[in-house]
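Please read these notes with the structure open beside you. They deal with the cysteines and then with the metal site.

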Amino acid sequence: MTTAFISHDDCLRHINPPGHPERAERLEAIWGALEAEEFAYLVRVDAPLAEDAHLVRAHPAAYLAQLAARSPERGYAPIDGDTFMMPGTLAAARRGAGAVVMAVDMVMAGEVRNAFCAVRPPGHHAETATAMGFCFFGNAVVGARHALEAHGLERVAIVDWDVHHGNGTQDLVWDDPRILFASTHQMPLYPGTGAAEERGAHGQVVNVPLPPGASGGVFRAGMLGRVLPAVEAHEPQMILVSAGFDAHARDPLANLNLTEADFAWATAQLCALADRVCGGRIVSTLEGGYDLSALAASAAAHVRVLMERGHG
Ligand SMILES: [Zn+2]
């Protein structure tokens with residue numbers, strides 16, 4: 001068994017206004033890094049479009065209809081100050097959620113041990129019926145609910161190390177005791193949620209805010225002290241990762257000081273945990289990361305460890 005790499009050209013066709021940090025070049029930078037020889041054995045798959053039946057496990061049908069109604073035939077339709085729809089947005093967003101659904105199917109079928117979905121727009125800020133923070137669909141939650149409801153799993157975990165708090169993921173899973181959500185993020189920072197006191201309706205939300213300027217050591221201590229023990233105690237049958245790489249020291253949108261080595265370390269820790277509790281099943285999906293070279297190097301470091309551990 002090995003590692004799936006799931007993406008789609010449609011994810012380039014969500015084109016934000018000029019100067020916007022969430023741009024198609026992000027994906028092209030990751031694709032470029034993964035053309036290296038060492039990644040030749042990735043199982044490369046085109047992401048399908050998520051179906052309404054997948055998306056309504058996370059978002060009400062009325063929200064899907066509202067997004068379709070706001071989708072412009074040309075130009076931009078602003079959703080909020082930094083979230084825009086354009087003609088290619090809905091297809092890109094559906095590929096993003098569809099990638100995670102396919103990754104869950106492939107891992108559950110035993111075709112691969114783990115998977116990385118290189119998609120955009122990202123997902124973890126999209127709330128139940130509110131697109132925000134560059135995000136439209138809660139891709140990780142769509143995947144988690146698919147694992148629970150289509151594959152009969154009883155417990156899954158979502159680990160989110162994007163530098164921003166995954167307010168959308170938290171909103172979508174708040175009342176769902178089957179899904180543990182554990183997040184490290186800079187605080188204070190957009191979107192402002194993610195205090196340690198926010199615990200979910202069943203105590204299954206674990207927020208680990210990190211102070212501006214924190215380096216990899218602080219991040220690793222939070223993972224070892226809070227995130228990994230909570231995930232292990234939940235006994236998940238699959239671990240999903242909201243893999244944002246904007247906690248990197250060079251990222252322009254935040255002030256943490258992680259490096260590629262920290263993302264590789266966190267990936268290895270999660271792989272070891274997954275080996276212990278769920279047969280190594282990990283489905284990871286891209287969230288943020290806005291310095292192109294740091295993003296490419298960090299994603300490559302993440303996928304390198306997934307591949308090494310995928311053979312274990
Ligand atoms: Zn982010």
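1. A disulfide is a pair of cysteine sulfur atoms within 2.5 Å. The model discussed here is predicted, and by this rule the count comes to 0 disulfides.

2. Why is Cys 135 not bonded to another cysteine? The closest cysteine sulfur, in Cys 11, is 13 Å from the sulfur of Cys 135, which is too far for a bond. Cys 135 is buried, and its relative accessible area is 0%.

3. Cys 11 is in no disulfide either. The nearest cysteine sulfur to Cys 11 belongs to Cys 117 and is 9.8 Å away. Cys 11 is also buried, with a relative accessible area of 0%.

4. Which residues donate to the zinc ion? Asp 162 appears twice, each time through an OD atom, alongside His 164 through ND1 and Asp 246 through OD. These protein donors lie 2.0 to 2.7 Å from the zinc ion.

5. The arrangement around the zinc ion is irregular, because the 4 donor atoms subtend angles of 53 to 154°. For a tetrahedral label, all angles would have to lie between 85 and 135 degrees.

6. Along the chain, the zinc donors follow the spacing D-x1-H-x81-D. His 164 sits in the loop between β6 (156-160) and α6 (167-173), and Asp 246 in the loop between β9 (239-243) and α8 (260-277), so this pair ties together parts that are 82 residues apart in sequence.

7. Are these two zinc donors buried or exposed? His 164 is buried, at 7% relative accessible area. Asp 246 is buried as well, at 1%.

Definitions and conventions. Residues numbered from 1 in each chain as written. Predicted model: local features only at pLDDT ≥ 70, side-chain atom pairs only at ≥ 80, totals over all residues. Heavy atoms only, no water. Donors = N, O, S within 2.8 Å, 3.2 Å for Na, K, Ca; no water. Tetrahedral: all angles 85-135°; square planar, octahedral: opposite > 155°, others 65-115°. Helix = DSSP H or I, 4+ residues; strand = E, 2+ residues; numbered from the N terminus. Buried < 20%, exposed > 50% of the residue type's maximum accessible area, 1.4 Å probe, protein only.
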